[in-house]
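I am opening a notebook on a structure that is new to me. The entries below record what I looked up, in the order in which I went through it.

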Amino acid sequence: MRLLGLAGLLALLATAASSGPTASPAEAAAIFADLSPAELRAVRAFLMSRPELGLSPSRGGPLAKNTLFLVELLPPAKELALGYLDRGGPRPRRQARAVVFFGAQAEPNVTEFAVGPLPRPSSYRPLRFKGGRAVPFAARPMTQLEYELLHRALAEATAPLYRLLRDATGFWFHNCSGRCLTFSDIAPRGLAPGERRSWLVLQRFVEGFFLHPVGLEVLVDHRDPDPRRWAVRQLWYNGRYFSTPQELADAYERGTLVVARLEDPPSRQLFSSYEPRGRFATGTPTEVHGAKVCEPQGRRYRLRGNRLEYGGWSLAFRLRSSAGLQLFDLRFNGERLAYEVSVQEAIAFYGGHTPAAMQTKYMDAGWGMGSVTYELARGIDCPEVATYLDAHHFYDADGPVRFSNAICVFELPTGVPLRRHFDSDFQGGFHFYAGLEGHALVLRTTSTVYNYDYIWDFLLYPNGVMEAKVHATGFIHATFYTPQGRRYGSRVHSHVLGNLHTHLVHYKVDLDIAGTGNSFETMDVRFENISNPWSPGARVVQPRLHRQPRRNERQAAFPFGRPLPRYLLFYNPHRRNRWGHPRSYRIQHRSHAGPVLPRGWQEEKGDLVAWVTVGFLHVPHAEDVPNTATPGNAVGFFLRPFNFFDEDPSVASCGPVIVRPLDPPTFSRLEIQRWTPASPGPCVAPGPFTYNGTYRQE
């Protein structure tokens, strides 16, 4: 484990006055560095001091006020940055992007500002976007204050339902202490612009409460800035709709309600817990540590501020509070390949029988996807030997908030050679064996957007390949099971339906291949039927390359859900390699998502049977010498259980680690629960590399 004082170093580098030719690599990277805590506080102090903005603290008080919601770096314009990095131009002025909720105005809205110059801001200006209009106040992201008010309103509204909830679930909202209900809210919050109506899914507040819906969903209209004017518009309970809580309560008292009575949850080994239960049939040990990542001779990468170097790779990075990881000035052996590669958005579209499920279409950047980068657990989220970095976010707060160990960097053994060859003599021996072990450098963070956890990776391979990858984990977005719900998912527990959904993740990829003057073409294979030149009268059917230049944006837009051309090539038409080919990079798309809505449907206007055959088209290129490398040249499929078991069978493993605070909210004492030894001990056996390539008969 290594902890770096990243924020202080970045602040020092960011304020260093230097021009392109004389700036160190770390100073150059610092123009893309996240704002330091001091810079975040300076922006807030400056904006709070402006009487015309009329800003109030975010926490507490009414919703109808002007508040500073978000502060993060406003990256320099690309031309200014390239002028500084490449042509010796002036260092771009450092600025912040600030999002202000104007709730105390005659026409409430959300406005973004550019604030600078940092570190001592003295001016601000609105950031104008297409259309030139501010974002309506009703479309603003949720805040902690609004959630607190929503919880209070829901507790009051469900007071008539106390007996129903107590009798059916053993939990309740009104005046609860130890057996409380909670809720999950969904989006979009309405069916038309200007609405702010949220369906709330009530759940028992136990560990993994996302999997404990109680069968009640409530539609709350909270558009008005005054919570006293909020109202419950509808309720859904166990398949029936009701207009008011009292109507539902009356149905229960009359005995005309079909009640879903839930079993009392156990105190230990709850089905939604990570606690091990069951055992594997083989009896192989899981109560000891598994394989670990080690650095037997020290780390092989360099981290200076926000500049990362590994082999031929160098780049600058930041963790944007609004959306997540962003890479800038990505180079290999000093040549820029991309100006920016960044996470932009993650979307999830759901279907279901309950009103909340059928309404759910999450756009996670609107839920602060980049700001929920909680602490990474050493040895689980990242290897123990990783370098861990803190992050500071100013999101729905009254100052910067430090997220410890929010980013990690580590070198990963891939477990497969980058390339290898065994040259047999076909007589029981071999002429030579050559192999290069596979490694990649990983830059990682996570986003826990309520129930879902996204693990965001950028991987750098030694052969000039970069991989952008996201894993989705965490809890599923579940609703109450009804027989009609089987059309929309799988029953995963007695009263729980796991709803079908599609995840879409969007990246921005601004490539600069051997310069900024790039072109784009697609390449695929067509077959030709020609006369055989060495056998008269015979024919040869063979593949040939088909290249298609894409000269404008329309030609380069591919319909979603249809097969892509297999090679998407970005190249510089004026720069060629030694063999006369345009210098190019390929985007190799790996996805299995289909359309999420019919073409032309209202939300769509705003942007299977399997015969498993896997393979890949290989057009040999210069980088195949001396051998074809494995990164990017891998295909396959997963055989995954789908309701084969009653739950995830890996719950039988003894590998989990559970950390529970014993004294919230101080969090000074923790219960760390695990079923393996506290320390893994050494994980690399000493000794030199040995090899015996014979295969003689004995």
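Before turning to the second largest pocket I wrote down the terms: on a 1 Å grid over the protein atoms alone, a cavity is a set of points where a 1.4 Å probe fits but cannot get out, a pocket is an open set with protein on both sides within 12 Å along at least five of seven lines, and lining residues have an atom within 4 Å of a point. I also noted that this is a predicted model, in which local features need pLDDT of at least 70 and side-chain atom pairs count only at pLDDT 80 or more, while totals for chains, interfaces and linings use all residues. Residues are numbered from 1 along each chain as its sequence is written, and side-chain values use heavy atoms, with hydrogens and water left out.

**Pocket.** I looked up the second largest pocket and found a volume of about 380 Å³, a volume being the space filled by probe spheres set on the grid points, which are joined across faces, edges and corners. Its lining has 12 residues, and those nearest the centre are Cys 294, Glu 295, Pro 296, Glu 437 and His 439. Sorted by class, this lining holds five charged, four nonpolar and three polar residues; here Ala, Val, Leu, Ile, Met, Phe, Trp, Tyr, Cys and Pro count as nonpolar, Asp, Glu, Lys and Arg as charged, and the others, Gly among them, as polar.

**Cavities.** The largest cavity encloses about 130 Å³ of space. I counted 13 lining residues in the record of this cavity, with Leu 63, Lys 65, Thr 67, Phe 101 and Thr 143 nearest its centre. Strand β3 (residues 66-74) gives the most to this lining, namely three residues; strands (E, at least two residues) and helices (H or I, at least four) are DSSP runs numbered from the N terminus. The second largest cavity holds about 50 Å³, and its lining includes Asp 34, Val 71, Arg 318 and His 392. Here too β3 supplies the largest share, three residues, and both β3 and β15 (313-320) give at least two each.

**Sheet.** Which strands form the open sheet, and in what order? I read the order as β31-β30-β32-β33, four strands with antiparallel pairing, where two strands pair if DSSP finds at least two bridges between them. The edges are β31 (539-549) and β33 (582-587), each of which has a single partner strand, so one side of each is left without a neighbour in the sheet. Neighbouring strands are turned by 40° against each other on average, direction ignored; the axes are lines fitted to C-alpha atoms, for helices over the stretch in contact, and angles run from 0 to 180 degrees between N-to-C directions. Between β32 (residues 567-576) and β33 I noted six bridges in the antiparallel sense, and Arg 576 stands opposite Pro 582 in β33.

**Salt bridges.** I noted 39 salt bridges in the structure, each a side-chain nitrogen of Lys or Arg within 4 Å of a carboxyl oxygen of Asp or Glu. Arg 87 pairs with Glu 79, with the closest N and O atoms 3.8 Å apart. Both Arg 87 and Glu 79 are exposed, where exposed means over 50% relative accessible area, buried under 20% and partly exposed in between (1.4 Å probe, protein chains only). Glu 384 forms a salt bridge with Lys 292, at 3.1 Å between the closest N and O atoms. Glu 384 lies in the loop between β18 (361-363) and β19 (387-395) and Lys 292 in the loop between α7 (245-254) and β13 (301-304), so the pair ties together parts that are 92 residues apart in sequence. I also found a network of salt bridges that links Asp 86, Asp 329, Arg 331 and Arg 336.

**Backbone.** Most residues other than glycine have a negative phi, and most peptide bonds are trans. I therefore marked Asn 333, which counts as exposed at 61% relative accessibility and has a positive phi near 50°. Ala 514 has a positive phi near 55°, but counts as buried at 15% relative accessibility. A cis peptide bond joins Leu 118 and Pro 119, with omega about 20°, and another joins Ala 187 and Pro 188, with omega about 5°.
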